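Here is a short briefing on a single chain. It covers the overall fold statistics and then the charged side-chain pairs.

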Amino acid sequence: MFLNSFFQDNSHYKLHQDPFSFKKELNETIILINLYRGKLVALIAFLLCLLGVFIDIFINKSRWNLIPAYKNLYYLHITGMVLFTFLIILYYINDMKNLFLNKLLHYTFIFFALLSNEILSINAQFIHGQMSAYIIAMMFISSIFLLNKVEILIIIIVSFLTFNIGLVMIHINEVDLIGNISNTLTLSVCAFTISQLFFSMYVKNFLINKELESTLKMKDEFLSLMSHELKTPLTVINAATQAIDTLCKEEMSDRLKRYMKNIKQNSNRQLRLVNNILDVTRIYSGRIKIHKKNIDIVFLTKAIVESVTLYSEGKGINLYFSSSLNNKIIGLDEEKYERILLNLLSNSIKFTNQGKCINVGISSIEDRILLEVRDEGIGIPNDKINLIFERFGQVDSSLSRQAEGTGIGLSLVKLFVEVLGGTITIKSELGKGSVFSVLLPDIKVVEESVKKDFMDSSDNRIIQSVDIELSDIYL
Ligand code: ADP
């Protein structure tokens, strides 16, 4: 119902989607926000009551016999403390999964907040004749909780009636009663306006965010579709060059071989980009599949490092592998791990100059396995270190542009590491080199979960992956 009024004039927001399709999600989100804020309010109210108790005991106690309202105040503060503690406990007991219970708790929060403040307000009439507690309660409720028109109207009417009836019952004089009625009326109008302002702002932001989310999703779907379309002809080109390589090797002149090498390398570069885009969109849409099996990570890492020696030697770089473990079997997605390591190695080779070293190391740290790729390359400036894990993040300097790249590689590496349950960090010093550290969980998997299609000859795949992942490196 409340959505009707906000989106009758949809023209300002240019929403392409039906706002009502989000109604359920919006309602649930609002209740959760209200509960969280309610807990905070209960906590603050508890602390205020505690402060009140101190004031009652240390400052006002001498007046207890003279003005009984001061003594009542003490009891009200104690009751408030018990009540708000009870609400906070209820908040933590509730598992937030049941919408009905959530709603019930939310209304309980508001009901108790109002009730306690009104009793305090009426009691305050006997002390200083002010309605400050009532004002505070209404302002808190209207500005902190997200309430629709009906909810806030019920709260305003109930509190207006109970407060003023309370005043009549305690027989305050007519002039004060009229003053209080007019004050509570004005306050009610303010509370309603404030509440609806906050509520409409939240609903509009929520729907605009949804619109943005769906636009981003559409963009990712488009990227994914385009990448698929680009991949098909590339696979055919790759297969054709492979066939020419094997079938016509003898008949090809050196010049033709050079052209063929160029075609192969560049179609591999395209394939790498397309694969990376596809993987990034798969991960963001939650469609990435992880196939873990128990693998000797030391053996696999050594095999991958050895498979890129052609590239490191081609650039005159010394590539070393070391491990503090003879072997280590852990549950790992072999293909994702290869992509991670090949990406890191590709960057290290790209950004390291002739005669320098790259060290790849494996070691064990508590219940984790540490993979380190350490190079003596150009390094990354401190202010750019966080940027390089962003999608398309590159160190935009002439130094880095000496090498080819799109800036998608490391963002994918990070996403892969995270889907494998690990973390990646980097330490780098400009002009001295960089260390990429990947920590992976040292956990085995139950073998049944292994998919058959990943049991094929991994040696062959590594060779193919190397050509694709290191296609940015021109020898
Ligand atoms: P790209 O495909 O452009 O290599 P990456 O995401 O893999 O994209 O890397 C992003 C940027 O991070 C690179 O352009 C480069 O500036 C920087 N970088 C990554 N690895 C290294 C490294 N080992 N040494 C120096 N700079 C690096």
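A salt bridge here is a side-chain nitrogen of Lys or Arg within 4 Å of a carboxyl oxygen of Asp or Glu. By this rule the count comes to 19 salt bridges. The model is predicted.

**Overall architecture**

- The chain holds 13 helices and seven strands.
- Of its 475 residues, 44% are buried.
- Long-range contacts feature strongly in the count: for contacts between residues at least 6 apart in sequence, 77% join residues at least 24 apart.
- The accessible surface is about 26,100 Å². Carbon and sulfur atoms account for 62% of that surface.

**A bridge within one helix**

- Arg-282 and Asp-279 form a salt bridge through their side chains, with an N to O distance of 3.0 Å.
- Both residues belong to helix H8, which spans residues 254-284. They sit three residues apart, about one turn of the helix.
- Arg-282 has a relative accessible area of 26%, so it counts as partly exposed.
- Asp-279 has a relative accessible area of 7%. Buried means under 20%, so Asp-279 is buried.

**A bridge between distant segments**

- Lys-293 and Glu-334 also meet in a salt bridge, at 3.4 Å from N to O.
- This pair links distant parts of the chain, with the two positions 41 residues apart in sequence numbering. Lys-293 lies in strand S1 (residues 293-296), and Glu-334 lies in helix H11 (residues 334-350).
- Lys-293 and Glu-334 are both buried.

**A partly exposed pair**

- The closest N and O atoms of Glu-372 and Arg-374 are 3.3 Å apart, and the two residues form a salt bridge.
- Glu-372 is partly exposed, at 23% relative accessible area.
- Arg-374 is partly exposed as well, at 39%. Its value lies between the 20% and 50% cut-offs, which is why it is classed as neither buried nor exposed.

**The shared-partner network**

- Which residues are joined into one network by salt bridges that share partners? They are Arg-272, Asp-279, Arg-282, Asp-333, Glu-335, Lys-336, Arg-339 and Glu-469.
- Arg-282 and Asp-279, the pair in helix H8, are among the members of this network.

Definitions and conventions. Residues numbered from 1 in each chain as written. Predicted model: local features only at pLDDT ≥ 70, side-chain atom pairs only at ≥ 80, totals over all residues. Heavy atoms only, no water. Helix = DSSP H or I, 4+ residues; strand = E, 2+ residues; numbered from the N terminus. Buried < 20%, exposed > 50% of the residue type's maximum accessible area, 1.4 Å probe, protein only. Contact = heavy atoms within 4.5 Å. Areas by Shrake-Rupley, 256 points an atom, 1.4 Å probe, with all protein chains shown as cover.
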